[in-house]
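The following exercises are to be worked with the sequence and the coordinates at hand. Each task is followed by a solution that proceeds step by step.

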Amino acid sequence: MNYRCMQISDHDTVMQLWCDCEGLLLRDADSKSAVGRYLARNPGLSFVAEDDDRIVGSIMAGHDARRGYIQHLAVAEDTRRQGVASRLIELCLDALKAQGIEKSHVHVLKNNRSGRRYWAKRGWSERCETILYSYVNGENENA
Ligand SMILES: CC(C)(COP(=O)(O)OP(=O)(O)OC[C@H]1O[C@@H](n2cnc3c(N)ncnc32)[C@H](O)[C@@H]1OP(=O)(O)O)[C@@H](O)C(=O)NCCC(=O)NCCS
């Protein structure tokens, strides 16, 4: 397995991976131009796993100088339970730490039971004391 930073040229392939994975919510913010902006703004924090040139895993991360935010952890079904996600998370957290970020968050859909079990098993704490409020500034309900 080869691990490397995600590039915008990977977008079509990782988008297919995300679409194939249950439990991920995709929005206009996942379009090629938006992901390009994200990668340019957060260099060196998003990674893919490649098996014989086939992308089988992805993780994206950014930070706001205080907290890290992990997104779109996904591993192809036929490559799961081989430690790919663990390595992607490790790469991400190490890169965030190198930029001074010691605490990170991940949003997981409430009905993604498998994903929730996964993060809990990896030692991530479910936060029951906060509720996320979101606001769309404009007409695009799929922003
Ligand atoms: C969740 C996901 C990323 C895990 O990928 P993976 O590469 O199979 O995970 P790993 O191989 O690194 O697993 C590491 C450990 O977690 C365990 N594990 C893997 N999937 C698990 C799950 N769904 N629930 C509980 N434990 C799980 C593994 O057995 C392993 O345990 P071990 O170290 O004791 O052997 C993958 O199942 C996936 O892509 N799911 C769909 C998308 C998703 O839900 N993403 C997370 C929400 S953002």
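**Exercise 1. Cysteines**

Determine whether cysteine 92 is buried or exposed, and establish how many disulfides the structure holds.

Solution. The model is a predicted one.
Step 1: The relative accessibility of cysteine 92 is 0%. Buried means under 20% relative accessible area, and cysteine 92 therefore counts as buried.
Step 2: A disulfide requires two cysteine sulfur atoms within 2.5 Å. The structure holds zero disulfides. For cysteine 92, the nearest cysteine sulfur belongs to cysteine 5 and is 9.6 Å away, and cysteine 92 is in no disulfide.
Step 3: Cysteine 128 has a relative accessible area of 64% and is exposed.

**Exercise 2. Salt bridges between separate parts of the chain**

State how many salt bridges a search of the whole structure finds. Then examine the partners of glutamate 22 and aspartate 78, and explain why each pair ties together separate parts of the sequence.

Solution.
Step 1: The search of the whole structure finds seven salt bridges. As background, side chains of opposite charge can pair when their charged atoms come close.
Step 2: Glutamate 22 pairs with arginine 80 in a salt bridge whose closest N and O atoms are 3.1 Å apart. Glutamate 22 is in the loop between helix 1 (11–20) and helix 2 (32–41), whereas arginine 80 is in the loop between strand 4 and helix 3 (84–98); the pair therefore ties together parts that are 58 residues apart in sequence. Arginine 80 is partly exposed, its relative accessible area being 28%.
Step 3: Aspartate 78 and arginine 54 also meet through their side chains in a salt bridge, with an N to O distance of 3.1 Å. Aspartate 78 belongs to the loop between strand 4 and helix 3, and arginine 54 to strand 3, so this pair ties together parts that are 24 residues apart in sequence.
Step 4: With 54% relative accessibility aspartate 78 counts as exposed, while arginine 54, at 39%, counts as partly exposed.

**Exercise 3. A further pair and a network**

Identify which residue meets arginine 127 in a salt bridge, and name the residues that salt bridges with shared partners join into one network.

Solution.
Step 1: The side chain of arginine 127 meets that of glutamate 129, at 2.8 Å from N to O.
Step 2: Arginine 127 is partly exposed at a relative accessible area of 39%; glutamate 129 is exposed at 57%.
Step 3: Arg4, Asp10 and Glu50 are joined into one network by salt bridges that share partners.

**Exercise 4. A charged surface patch**

List the residues that form the positive surface patch, and locate arginine 113.

Solution.
Step 1: The patch consists of Arg81, Arg113, Arg117, Lys121 and Arg122.
Step 2: Arginine 113 is placed in helix 4, which spans residues 113–121.
Step 3: The relative accessibility of arginine 113 is 55%. Since the cut-off for exposed is over 50%, arginine 113 counts as exposed.

**Exercise 5. Backbone angles in loops**

Find where aspartate 52 and alanine 65 lie, and give the phi of aspartate 52 and of alanine 65.

Solution.
Step 1: Most residues other than glycine have a negative phi.
Step 2: Aspartate 52, although not a glycine, has a positive phi of about 50°. Aspartate 52 lies in the loop between strand 2 (47–51) and strand 3 and is exposed, with a relative accessible area of 75%.
Step 3: Alanine 65 is not a glycine either, and has a positive phi of about 80°. The loop between strand 3 and strand 4 contains alanine 65, which is exposed at 61% relative accessible area.
Step 4: Aspartate 64 is found in the loop between strand 3 (54–63) and strand 4 (68–75). At 38% relative accessibility, aspartate 64 counts as partly exposed.

**Exercise 6. Separation in sequence and in space**

For aspartate 64 and asparagine 42, and for serine 134 and lysine 103, state what separates the C-alpha atoms in space.

Solution.
Step 1: Aspartate 64 and asparagine 42 are 22 residues apart along the chain, and their C-alpha atoms are separated by 9.7 Å.
Step 2: Serine 134 and lysine 103 are 31 residues apart along the chain, with 22 Å between their C-alpha atoms.
Step 3: Serine 134 lies in the segment after helix 4 and is exposed, with a relative accessible area of 68%.

Terms used: Residues numbered from 1 in each chain as written. Predicted model: local features only at pLDDT ≥ 70, side-chain atom pairs only at ≥ 80, totals over all residues. Heavy atoms only, no water. Patch = residues over 30% accessible without salt bridge, like charges linked within 9 Å, V, L, I, M, F, W, Y side chains within 5 Å. Areas by Shrake-Rupley, 256 points an atom, 1.4 Å probe, with all protein chains shown as cover. Salt bridge = Lys/Arg side-chain N within 4 Å of Asp/Glu carboxyl O. Lys, Arg positive; Asp, Glu negative; His and termini not counted. Charge placed at Lys NZ, Arg CZ, Asp CG, Glu CD. Helix = DSSP H or I, 4+ residues; strand = E, 2+ residues; numbered from the N terminus. Buried < 20%, exposed > 50% of the residue type's maximum accessible area, 1.4 Å probe, protein only.
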